[in-house]
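Please open the model in a viewer with residue selection enabled. The tour proceeds by selections, each followed by a description of what is found there.

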Amino acid sequence: MLRRPRRNRKSDSVRKLVEETSLSVKDLIFPLFLIEGSNKKIEVQSMPGIFRFSQDLLLKEIEECLKLGITAFDVFPAYPESLKDSVASESYNPETFYLKALREVKKQFPEVCLMSDVAMDPYSSDGHDGLVKEGKILNDETLEILAKMSLAQADAGVDIIGPSDMMDGRVGYIRELLDESGFTDTSIMSYTAKYASAFYGPFRDALDSAPKFGDKKTYQMNPANSQEALIEGDLDTEEGADFLMVKPALSYLDIIKLLNDNFPLPIAAYNVSGEYSMIKASAEKGWIESDRAMLEVLLSIKRAGAKVILTYFAKEYASLVK
Ligand SMILES: NCc1[nH]cc(CCC(=O)O)c1CC(=O)O
Ligand SMILES: [Mg+2]
């Protein structure tokens, strides 16, 4: 035998030399859940180790994470039913607790990269990402609401706007309004290939944002498809997106690779709530080693071609490698 692949695996130092993919805390964005009020820190029941914070404790959490080397955060608000309506008006109320908190994060920590979420579902009495009329999700009528929401978030100082709604044309629509309003430096990370997935369950628990009727299959993609991701990637690129995101990550590693092979923009992947909770739940039963599983999962997402990973494991990973 002239060729013996095992020679390159013979010791830790040799294995390190031939290692192709590396993971760093700088690759990660930590999603955080915000609730109204003060001095509140409530664990999400279906996501052990993940909390919903009021603004004061969210700021503390960010400070802790900064010490661990995490520099990018994506904040999602959980709104009470009483503030929801059919047109998501609370989303662009400048006095709403979400926008106030975003403003405060950038004021206290100007160095962080702050990302926000754009979609109607947290504020919608229908629980859908777009405007509902007679049981249908309207596309073009939703764009105006998404753009108003984006402008309010840009005005609060957000670095990256994250449209997670999957309406057609929203990246261009938002880009134009931001530019006209002087926010030419505000980036857009588009949820480009977002699939209608079972893995969002724990997130919808965290935000109380499950759809009140039907499902999201008329706007989120069919898990059976990959060609469509190329169309979505083309459109978002043309419309001015700065990052293309694939979501979820693990059942869609082929889509991450597909987009990375076809588009020069940096690819982001969202390691979603259900993917986190699966590992946590089996670790609690003693069936899997949480740390090793986390490292393997994050590495696989990078290896597939993601430059950026949004993950609930961010803080745990940062603590582990510190
Ligand atoms: N705009 C909705 C939104 N934004 C982020 C997630 C899921 C994130 C996760 O599961 O971690 C969802 C869920 C959905 O589409 O219902
Ligand atoms: Mg699209």
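How many residues has helix H10, and what distance does it reach from its first C-alpha to its last? In this predicted model, select residues 290-304: H10 has 15 residues and reaches 21 Å, close to the 21 Å expected at 1.5 Å a residue.

**Helix H10 and its surroundings**

Within H10, colour Met-294, Leu-298, Ile-301 and Ala-304, which are buried. These residues lie on the same side of H10, because they cover an arc of only 130° around the axis. Then rotate to the face turned away from that buried side, where the exposed residues Arg-292 and Glu-296 are found.

Next, display the elements against which the buried residues of H10 pack. Three of them are helices, namely H8 (253-262), H9 (273-284) and H11 (314-321). Strands E11 (267-271) and E12 (308-311) are also packed against these buried residues. Just after H10, select Gly-305, whose phi is positive, at about 130°.

**Helix H8 and the cis peptide bond**

Move to H8. Its buried residues are Ile-255, Ile-256, Leu-258, Leu-259 and Asn-260. They pack against strands E9, E10 and E11, and against helices H7 (227-238) and H10.

Now select Pro-248, in the loop between strand E10 (243-247) and H8. The peptide bond that joins Lys-247 to Pro-248 is cis, and its omega is near -10°.

**Ser-190 in strand E9**

Select residues 187-194, which form strand E9, and centre the view on Ser-190 within that strand. Is Ser-190 buried or exposed? Ser-190 counts as buried because it has 30 C-beta neighbours inside 10 Å.

Leaving aside residues up to four places away in sequence, Ser-190 touches Pro-163, Val-171, Asp-236, Ala-241, Phe-243, Leu-244 and Met-245. A distance label may be drawn from Ser-190 to Gly-233: the C-alpha atoms are 9.4 Å apart in space, while the two residues are 43 apart in sequence.

**The shell of ligand 1**

Select ligand 1 and display the residues around it. Among them are the aspartates Asp-117, Asp-121, Asp-129 and Asp-165. Arg-204 and Lys-216 also belong to this shell, as do Ser-164 and Ser-273. The residues around ligand 1 further include Ala-119, Tyr-200, Phe-203 and Val-272. If the shell is coloured by class, six residues appear as charged, four as nonpolar and two as polar.

**Helix H3**

Select residues 97-108, helix H3. H3 has 12 residues and reaches 16 Å from its first C-alpha to its last, close to the 16 Å expected at 1.5 Å a residue. Which residues of H3 are buried? They are Tyr-98, Leu-99, Ala-101, Leu-102 and Val-105. Looking down the axis of H3, one finds these buried residues within an arc of 160°, so they line one face of the helix.

The face turned away from the buried side of H3 carries the exposed residues Lys-107 and Gln-108. To see what covers the buried residues, display a set that includes strands E1, E4 and E5 (113-118), together with helices H2 (55-67) and H4 (140-155).

**Two residues with positive phi**

Go to Ala-88, in the loop between strand E4 (72-77) and H3. Phi of Ala-88 is near 60°, a positive value in a residue other than glycine. Ala-88 is buried, with 27 other C-beta atoms within 10 Å.

Then select Asn-39, in the loop between strand E1 (28-35) and strand E2 (41-43). Asn-39 likewise has a positive phi, near 55°, and is a residue other than glycine. Asn-39 is exposed, with 8 other C-beta atoms within 10 Å.

**The whole chain**

Finally, clear the selections and show the full chain, which contains 11 helices and 12 strands. The radius of gyration is 20 Å, close to the 20 Å given by the globule rule for 322 residues, so the chain is as compact as a globular protein of that length. Along its principal axes, the C-alpha trace spans about 70 × 45 × 40 Å.

Colouring by burial marks 46% of the 322 residues as buried. A contact map offers a complementary view: among contacts with a separation of 6 or more, 74% are between residues 24 or more positions apart.

Technical notes
Residues are numbered from 1 along each chain as its sequence is written. Chains are lettered from A and ligands numbered from 1 in the order in which they are written. This is a predicted model: local features need pLDDT of at least 70, side-chain atom pairs count only at pLDDT 80 or more; totals for chains, interfaces and linings use all residues. Helices (H or I, at least four residues) and strands (E, at least two) are DSSP runs, numbered from the N terminus. The expected span of a helix is 1.5 Å times one less than its number of residues. A residue is buried if 20 or more other C-beta atoms lie within 10 Å of its own, exposed if 12 or fewer, and partly exposed in between; C-beta atoms are placed from the backbone. The arc is that of the directions from the helix axis to the C-beta atoms. Two residues are in contact if their C-beta atoms, placed from the backbone, lie within 7 Å. A residue is near a molecule or strand if its C-beta atom, placed from the backbone, lies within 6 Å of it. Ala, Val, Leu, Ile, Met, Phe, Trp, Tyr, Cys and Pro count as nonpolar, Asp, Glu, Lys and Arg as charged, and the others, Gly among them, as polar. The radius of gyration is taken over C-alpha atoms; the globule rule is 2.2 Å times the number of residues to the power 0.38.
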